[in-house]
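Reader: I should like to learn how to read backbone angles and burial in a protein model. Could the discussion proceed one feature at a time?

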Amino acid sequence: AEKTSYGADQEVVVTLRGTMDATATFTIDGIAADQAMEEVDDGVYVGKVTVPAGLNLASAALTATLSDAQGEVATATGTALTIDADPPEAVDKILATAPWGGEIEVAWDASPAEDVAHYLVYRGEDKAPDTGVAPYETVKGLDFVDTGVVAGIAYHYVVVAVDTAGNKGPASAETWVTAVAGEGPEIAAVSVSPFGKPAKPGETL
């Protein structure tokens with residue numbers, strides 16, 4: 001398999017390499033038994049199965065079998081798979097602010113789930129975000145600064161938690177704010193006075 005942890009509705013792709021022109025099958029305990037595999041290249045067999053919703057398996061054994069024309073059978077064991085079909089809980093307390101021109105800050109509380117891998121940020125311009133399309137941004141932390149904004153447009157955001165198995169949780173409540181004009185703070189220079197004075201431990205510069 002391409003990875004070892006899978007969530008609901010994800011496709012498990014199993015690849016087997018061996019004798020050409022043989023019959024290949026694979027079994028994943030609790031998911032598929034004797035699933036047929038197709039020879040996609042000389043001696044390379046591929047089989048697929050979709051993880052059903054509501055299934056949780058801490059360790060699902062993976063085995064593949066190859067049978068040749070003479071009736072000889074070979075069996076190989078792959079790395080056991082973890083099946084986690086439970087999506088993480090929704091993000092809570094999301095807030096968008098426009099502290100100055102050219103930026104919108106979006107922050108949220110963490111999902112209560114312990115296996116969150118990252119968060120998906122969805123954005124809509126003067127309308128609710130569409131979570132059925134690709135996310136606007138993927139974030140590992142609990143905040144995001146959107147610099148692609150235009151003053152006067154209301155930007156709407158929702159956040160979705162994604163766990164380590166790839167399960168997506170429900171969307172958060174929607175938050176929105178109108179982008180403002182102007183520029184943010186800018187530091188022109190930093191200096192130390194008096195210049196060249198040796199600093200001692202504990203001194204404030």
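**Contacts, burial and phi**

Author: In this predicted model, Thr175 touches Ile94, Leu95, Ala96, Tyr155, His156 and Tyr157, leaving aside residues up to four places away in sequence.

Reader: Where is Thr175 placed?

Author: Thr175 belongs to strand β14, which covers residues 175-178.

Reader: Is Thr175 buried or exposed?

Author: A residue is called buried when its relative accessible area is under 20%. Thr175 has 7% relative accessibility, and therefore counts as buried.

Reader: Which backbone atom lies 3.1 Å from a polar atom of the Thr175 side chain?

Author: That atom is the backbone nitrogen of Ala96. Ala96 is also among the residues that Thr175 touches.

Reader: How should the sign of phi be read?

Author: Most residues other than glycine have a negative phi. Against that background, Lys93 has a positive phi, near 55°, and is not a glycine. Asp126, likewise not a glycine, has a positive phi of about 60°.

Reader: Where are Lys93 and Asp126 found?

Author: Lys93 is in strand β8, residues 92-97. Asp126 lies in the loop between β10 (116-125) and β11 (137-139).

Reader: Why is Lys93 described as it is in terms of accessibility?

Author: The term exposed applies over 50% relative accessible area. Lys93 is exposed because its relative accessible area is 60%. Asp126, with a relative accessible area of 52%, is therefore exposed as well.

Note on methods
Residues are numbered from 1 along each chain as its sequence is written. This is a predicted model: local features need pLDDT of at least 70, side-chain atom pairs count only at pLDDT 80 or more; totals for chains, interfaces and linings use all residues. Side-chain values use heavy atoms; hydrogens and water are left out. Helices (H or I, at least four residues) and strands (E, at least two) are DSSP runs, numbered from the N terminus. Buried means under 20% relative accessible area, exposed over 50%, partly exposed in between (1.4 Å probe, protein chains only). A polar contact is a pair of N or O atoms within 3.5 Å; within protein, one must be able to donate a hydrogen and the other to accept it, and residues adjacent in sequence count only if both atoms are side-chain atoms. Contact means heavy atoms within 4.5 Å.
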